[in-house]
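Me: I'd like to learn how to read strands and salt bridges in a model like this one. Could you walk me through it?

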Amino acid sequence: VQFGAFQHSCSNKIYLLLVRSVSVDLNNDASLVIDIPDALCERDKVKFTVHTKTTLSSFQKPEFSVPRQHEEFIWLHDTIVETEEYAGLIIPPAPPKPDFEGPREKMHKLGEGESSMTKEEYAKMKQELEAEYLAVFKKTVQVHEVFLQRFSSHPIFRKDRNFQIFLEYDQDLSVRRKNAKEMFGGFFKNMVKSADEVLISGVKEVDEFFEQEKTFLLDYSSKIKDATAKAEKMTRSHKNVADDYNHISGALNSTAADNNTAFKKHLEKYAEVFEKLRKLEDRVASDQELKLTELLRYYTRDIQAAKDLLYRRARALADNENSNKALDKARLKGKDIAQAEENQKQCLQKFDKLSESGKKELTSFKARRVVAFRKNLIEMTELEIKHAKVRRLKCCVYHYMFTRQCSGSHGKPGNLREF
Amino acid sequence: MSGGCGRNPPPFPDNEDQEAELDTQVLDSDDDDDEGEDIFTGARLEEEESGDQFELNIAVTNPEKIGDGMNAYMSYKVSTQTTLPMFLNKTFSVRRRFSDFLGLYEKISAKHSLLGCIIPPPPQKSVVGMTKVKVGKEDSSSAEFVEKRRAALERYLQRVVAHPSLLQDPDVREFLERDELPRAVNTQALSGPGLLKMINRASDAVNKMTIKMNESDNWFESKLQEVENEEQLLRRLHAAVDSLVNHRKELCSNTVVFSKSVAMLGSVEENSALSRALSQLAEVEDKMEQLHQQQAFSDFFILAELLADYVRLLGAVRCCFEQRMKVWQRLQEAQSTLQKKREAEAKLLWANKPEKLQQAKDDINEWESKVSQYERDFERVTCTVRKEMLRFEKEKARDFKQHIVKYLESLLHTQHRLVKCWEAFLPEAKAIA
């Protein structure tokens with residue numbers, strides 16, 4: 001079921017968008033179903049409505065909704081990352097911040113130029129603005145929704161207390177701004193991460209499975225990052241072409257406005273043609289972005305999360321080796337043996353746990369990736385076909401309209417027989 | 001990423017399916033444009049039947065490089081197909097070089113512009129483009145240049161023969177028919193910048209004209225203003241289409257780069273069905289690039305060149321108005337000279353110098369006949385310019401429509417191939433497991 005409604009009030013700059021999603025894959029399990037049915041954009045902030053339906057007794061109600069801001073999603077992500085217990089799991093990547101810079105700039109221009117534009121120009125620009133906002137909205141709602149659905153569909157994460165608080169607690173989570181210590185901690189974490197990259201390549205791998213995974217993930221990571229960047233450039237070009245159609249349509253209308261002959265009506269019709277072409281090109285660009293570019297972007301982040309898991313395991317392996325060495329040394333010296341033994345036991349336990357859970361996670365990651373690519377590639381292809389058919393039809397209609405009035409040899413409807 | 005991705009665009013007020021229905025309704029009701037109306041007389045003009053039936057078809061083809069180094073030049077085949085009796089044969093062809101076309105323009109211009117005809121401007125010279133060709137650079141940009149020129153030469157000739165008086169001109173016939181043409185010299189003045197300067201000077205002169213000529217002068221004044229405005233607007237339109245061409249070319253290169261990237265991704269993918277699908281996707285994107293390339297070609301040759309032509313044509317129209325001005329000025333000057341001669345005669349009568357009187361009377365007779373000649377000239381030019389404007393406007397409307405139709409055809413072909421490409425890919429995507 002899909003519907004869309006749109007409301008725009010320029011004076012107090014509130015945007016309301018209702019887009020009901022079709023739940024798929026990640027919402028297979030009816031015991032906990034999450035979606036983001038709408039989002040509200042107020043000035044700089046986006047408020048997502050997180051809607052939960054559940055049969056689990058750990059929740060207070062079977063169905064409920066809470067408003068959440070982007071920062072609260074980040075809080076949830078960071079909390080999970082910092083939970084020691086989850087070291088052996090792939091942590092779902094944090095959703096990127098909603099970026100409304102483009103539409104916001106346009107809205108500003110619209111507000112400023114309102115007095116100098118004709119009614120038609122204003123209406124047209126408003127329509128374009130709405131389309132742009134919609135595109136950004138779809139992207140950001142999609143990525144925030146999937147983030148939550150990764151948790152809800154995971155046997156361990158779905159039981160996490162913080163996750164449940166996030167879903168249920170109907171007050172503001174009052175996520176504190178990161179204080180200096182925490183920010184520094186983050187910086188330190190990143191430093192450690194790059195050290196890990198050296199570690200992960202250098203550590204002597206004992207397990208065949210992880211050896212292969214390491215090779216695969218490192219290679220795949222760079223290739224998908226590259227593909228993402230190239231897809232972004234390609235989508236940008238499509239948008240530029242759509243923009244050009246827009247300018248052409250505008251220029252044709254200006255020329256028509258200034259004309260007093262029969263040519264005027266021709267020009268207005270041509271302007272109409274290019275306006276339609278623009279709309280279609282825009283749709284192609286935004287659908288391509290949503291299905292293809294976003295897919296690649298997401299998996300670039302997810303691959304990084306998988307790599308993070310490997311780092312943690314590699315560190316645990318290094319710790320394990322070090323604890324073995326320490327135990328040998330203690331035995332040699334005859335001092336602190338019990339402590340060293342205990343340490344070694346714990347390191348080994350941790351490493352084994354990470355390896356076991358890591359293997360499961362990475363295997364399900366493969367399956368998830370394949371399913372996601374399949375779904376998005378099919379949807380993208382179907383949309384491309386649909387748009388191309390619509391464009392073909394539109395061109396056909398206009399072609400017919402323009403040729404059947406031409407006297408003489410100009411109209412050649414015969415060319416279209418194959419269509 | 002899986003989950004929650006069924007987010008198709010919600011139905012906008014302009015739902016595509018509804019629009020399709022509206023389109024078919026519109027097809028039946030839209031029937032009132034096309035026939036040109038003379039806004040001056042308000043009468044409806046019938047489409048000139050003889051102008052419509054193309055009894056003469058011209059093609060410019062087979063560019064060939066003759067010679068080497070800096071003396072090399074391109075030779076083009078000019079083929080004519082006609083049923084007109086004034087030609088010796090029904091089909092014939094000759095070889096011409098660029099300077100021959102410029103020479104033709106010079107001859108036509110010398111004869112017909114004084115009469116107030118709109119002379120189609122020839123394609124522009126390009127030192128850079130031609131040098132590349134001479135030097136022998138066999139790359140895509142010089143091939144593009146040659147094609148651009150070939151197409152421009154063809155359009156130029158087609159416009160010349162579409163003009164009823166020019167078609168009758170023996171120089172035009174000679175150009176089409178005669179095997180060897182004497183080499184045209186002094187074509188420097190007619191190169192792009194030179195021509196443009198001439199045209200711009202013309203419009204300045206026209207602007208300085210403040211003396212009203214006669215009642216229909218309002219028509220000419222407002223028409224000229226329209227022409228100038230339209231020229232500016234078409235320049236803007238041309239710039240927008242130029243931008244489209246460039247962005248389409250960028251899209252081409254970005255698509256190719258993306259295709260390679262996807263192929264690389266496919267090669268490291270461990271799942272074999274997904275790997276295959278990704279390399280198929282890379283191939284589809286390669287095909288996309290070819291389609292974009294073709295579309296860019298259409299964008300340029302159908303739209304951009306049309307607009308560039310019309311910007312220059314409107315300049316030629318301004319020249320035509322300038323000619324009328326010149327004829328008017330000549331008439332004015334002759335009338336004032338006649339007046340002076342009459343005054344001189346009157347003075348002589350007073351001064352009683354009979355020996356000079358005869359000379360004065362002869363002068364007056366001479367200038368009286370000149371004045372009446374120039375009056376007739378002016379009336380004729382006025383009539384011609386007005387007729388030319390109407391013919392031009394009709395041709396312009398037809399030209400634009402023809403080109404938009406061609407453009408739509410090119411889009412149709414592209415979209416059709418697009419559909420086929422993606423339909424072929426769909427089973428590959430579905431086969432991923």
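**Reading strands and salt bridges**

Reply: Sure. Keep in mind that this is a predicted model. Let's start with a strand: strand β3 (residues 32-42) of chain A is largely enclosed by the rest of the structure, because eight of its eleven residues are buried.

Me: Which strand do the bridges join to β3(A), and how many bridges are there?

Reply: The partner is strand β4 (residues 45-54) of chain A, joined to β3(A) by nine bridges, and the two run antiparallel. To find your place in the pairing, look at Leu32(A), which sits opposite Thr54(A) in β4(A).

Me: On to salt bridges. How many does the structure hold over all chains?

Reply: There are 53 over all chains. One of them pairs Glu226(B) with Lys223(B), at 3.4 Å from N to O. Both residues belong to helix α9 (residues 217-268) of chain B and are three residues apart, about one turn of the helix.

Me: Are Glu226(B) and Lys223(B) buried or exposed?

Reply: Both are buried. Buried means under 20% relative accessible area.

Me: Which salt bridge links distant parts of the chain?

Reply: Try Arg342(B) and Glu368(B), whose closest N and O atoms are 2.5 Å apart. Arg342(B) is in helix α10 of chain B and Glu368(B) is in helix α11 (residues 354-430) of chain B, 26 residues apart.

Me: Why does Arg342(B) count as partly exposed?

Reply: Because its relative accessibility is 36%. Glu368(B) also counts as partly exposed, because its value is 31%.

Technical notes. Residues numbered from 1 in each chain as written. Chains lettered and ligands numbered in written order. Predicted model: local features only at pLDDT ≥ 70, side-chain atom pairs only at ≥ 80, totals over all residues. Heavy atoms only, no water. Buried < 20%, exposed > 50% of the residue type's maximum accessible area, 1.4 Å probe, protein only. Helix = DSSP H or I, 4+ residues; strand = E, 2+ residues; numbered from the N terminus. Pairing = 2+ DSSP bridges. Salt bridge = Lys/Arg side-chain N within 4 Å of Asp/Glu carboxyl O.
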